[in-house]
Amino acid sequence: MTLDDIKAIDREFLTPAQVAEILNCSAHGVRVWARQRPDGLGFPVCIIGTRVKIPKRPFLRFMGVSDAE
């Protein structure tokens, strides 16, 4: 998955698995970090029960995509 693939997703939230592919880490690692140190990720996360969702536009801005609107 590339940043262009992420931009093409027609949903407003990403999964930890999608983000992990871009960050070259594990989805589990993203989930754990989101729960334990969300301020350390550099982009916002939403925790809903046991689910972790990442807002797409802020994540793309974090990754340096200027047209993330």
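## Sheet

Ile 47 stands opposite Val 52 of strand 3. Strand 3 covers residues 51–55 and pairs with strand 2 in the antiparallel sense over 3 bridges; two strands count as paired if DSSP finds at least two bridges between them. Helices (H or I, at least four residues) and strands (E, at least two) are DSSP runs, numbered from the N terminus.

The open sheet has 3 strands in the order 1-3-2, with antiparallel pairing. Strand 1 (13–14) and strand 2 (46–48) are the edge strands, each pairing on one side only.

## Basis of the model

The model is predicted: local features need pLDDT of at least 70, side-chain atom pairs count only at pLDDT 80 or more, and totals for chains, interfaces and linings use all residues. Residues are numbered from 1 along each chain as its sequence is written, and side-chain values use heavy atoms, with hydrogens and water left out.

## Core

The largest nonpolar core (buried Ala, Val, Leu, Ile, Met, Phe, Trp, Tyr and Cys residues joined through side-chain atoms within 4.5 Å; buried means under 20% relative accessible area, exposed over 50%, partly exposed in between, with a 1.4 Å probe and protein chains only) has 17 residues. Ile 6, Leu 14, Val 19, Phe 43, Val 45, Ile 54 and Phe 59 touch the most other members. Helix 2 (16–23), helix 3, strand 3 and helix 4 each give two or more residues to this core.

Leaving aside neighbours within four places in sequence, Phe 59 has contacts (heavy atoms within 4.5 Å) with residues including Leu 14, Ile 22 and Phe 43.

## Arg 61

Arg 61 is in helix 4 (residues 56–62). Arg 61 counts as partly exposed because its relative accessibility is 43%.
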